[in-house]
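Here are some exercises to work through with the structure open beside you. Try each task on your own, then follow the solution step by step.

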Amino acid sequence: ITYGDWSSDVCSSDLNPLIHGDKLPYSARDVVPVASTIDSTLALIVSESLKVNSAAEFVQRAREQPGQINWAATTGLPLYVVAALQKNAGIDITQVAYRDFGPAFQDFATDRVHLLATGITLLLPQVSAGRGKFLMVPNRERSPLAPDVPTAREAGFPELTRSEEHT
């Protein structure tokens, strides 16, 4: 059994494979969920100013501009998803940390932050307003809130797929 903190949307079954990869003393595939305690959809959006239409295009742009693309994520699993994207894609993007996430949306709207990672419901208004495009959801299945957004696996990053059962 793994225990997650529902308020941060993180549990060790999600984080350990992202952080330790193949060096775990057990197979993450052998962890069996007992009961679902939370089901949320995370998402990554990118600023319209980058003029990218997919996660692959974002990675290419980040490789062309190392250290020049800024990102922000809410506390918990979204931070680790972006860190894992950086590690697995071999890109150098700069984290901008916020005590409260409200200013991150303001900075995204004014193009000081180019990538946001958090719950999909917080990102939908940014996309609806034309300020950003969804890159992917790191969940196993597409979100019914944004059915056209690919999963991480569909976007070419299967290693970012997270467990949706927190037990």
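**Exercise 1: Strand E4 and its neighbours**

Ala73 stands opposite Ala117 in E6. Keep in mind that this is a predicted model.

Task: Work out which way the residues of E4 point, and which strands E4 pairs with.

Solution.
- Step 1. Begin with the general rule: in a regular strand, side chains alternate between the two faces of the sheet.
- Step 2. Apply the rule to E4: Asn70 and Ala72 point one way, while Trp71 and Ala73 point the other way. All of these residues are buried.
- Step 3. Look at E6, which pairs with E4 in the parallel sense over three bridges. Here Ala72 stands opposite Leu116, and Ala73 stands opposite Ala117.
- Step 4. Now turn to E5, residues 94-95, which pairs with E4 over two bridges, again in the parallel sense. Asn70 has Thr94 as its bridge partner in E5.
- Step 5. Trace the connection: the chain leaves E4, passes through H3 and arrives at E5, and this β-α-β crossover is right-handed.

**Exercise 2: The whole sheet**

Task: In what order do the five strands of the open sheet lie, and which strands stand at its edges?

Solution.
- Step 1. Take stock of the chain, whose secondary structure comes to five helices and seven strands. Along the sequence they follow the pattern β-β-α-β-α-β-α-β-α-β-α-β.
- Step 2. Five strands make up the open sheet, in the order E5-E4-E6-E3-E7, and the pairing is mixed.
- Step 3. Each of E5 and E7 has a single partner strand, so one side of each is left without a neighbour in the sheet; these two stand at the edges.
- Step 4. Add a helix to the picture: H4 lies across E3, E4, E6 and E7, and runs at about 145 degrees to E6.

**Exercise 3: Thr74, just past the strand**

Task: Is Thr74 buried or exposed, and which residues does Thr74 touch beyond those up to four places away in sequence?

Solution.
- Step 1. Locate the residue: Thr74 sits in the loop between strand E4 (70-73) and helix H3 (77-89).
- Step 2. Compare its relative accessibility with the cut-off. A residue is buried under 20%, so Thr74, at 17%, counts as buried.
- Step 3. List the contacts, leaving out residues up to four places away in sequence: Thr74 touches Leu79, Phe101, Ala117 and Thr118.
- Step 4. Pick out the side-chain link to Thr118, a polar contact of 2.8 Å with Thr74.
- Step 5. Check a sequence-distant position too: Asp100 is 26 residues from Thr74 in sequence, yet their C-alpha atoms are 8.6 Å apart in space.

**Exercise 4: The two sides of helix H5**

Task: Which residues of H5 are buried, and what covers them?

Solution.
- Step 1. Start from helix geometry: an α-helix has 3.6 residues a turn, so residues three or four places apart point the same way.
- Step 2. Find the buried residues of H5 (residues 120-128), namely Ile120, Leu123 and Gln126. They lie on the same side of H5, because they cover an arc of only 110 degrees around the axis.
- Step 3. Turn to the opposite face, away from the buried side, where the exposed residues Thr121 and Ser128 are carried.
- Step 4. Identify the cover over the buried residues, which includes strand E3 (42-47), helix H4 (102-109), strand E6 (115-119) and strand E7 (132-136).
- Step 5. Continue just past H5 to Gly130, which takes a positive phi of about 80 degrees.

**Exercise 5: Gly132 and Asp107**

Task: For Gly132 and Asp107, find the element each belongs to and the contacts each makes.

Solution.
- Step 1. Gly132 is in strand E7 and counts as buried, at 3% relative accessibility.
- Step 2. Beyond neighbours within four places in sequence, Gly132 is in contact with Val46, Ser47, Glu48, Phe108, Gln126 and Val127.
- Step 3. Ser49 is 83 residues from Gly132 along the chain, and 8.3 Å separates their C-alpha atoms.
- Step 4. Asp107 belongs to helix H4 and is buried, with a relative accessible area of 17%.
- Step 5. Not counting residues up to four places away in sequence, Asp107 touches Tyr98, Arg112 and Val113.

Definitions and conventions:
Residues are numbered from 1 along each chain as its sequence is written. This is a predicted model: local features need pLDDT of at least 70, side-chain atom pairs count only at pLDDT 80 or more; totals for chains, interfaces and linings use all residues. Side-chain values use heavy atoms; hydrogens and water are left out. Buried means under 20% relative accessible area, exposed over 50%, partly exposed in between (1.4 Å probe, protein chains only). Helices (H or I, at least four residues) and strands (E, at least two) are DSSP runs, numbered from the N terminus. The arc is that of the directions from the helix axis to the C-beta atoms. Contact means heavy atoms within 4.5 Å. A polar contact is a pair of N or O atoms within 3.5 Å; within protein, one must be able to donate a hydrogen and the other to accept it, and residues adjacent in sequence count only if both atoms are side-chain atoms. Two strands pair if DSSP finds at least two bridges between them. A crossover is right-handed if, with the strands pointing away from the viewer, the path from the first strand over the helix to the second runs clockwise. Axes are lines fitted to C-alpha atoms, for helices over the stretch in contact, and angles run from 0 to 180 degrees between N-to-C directions.
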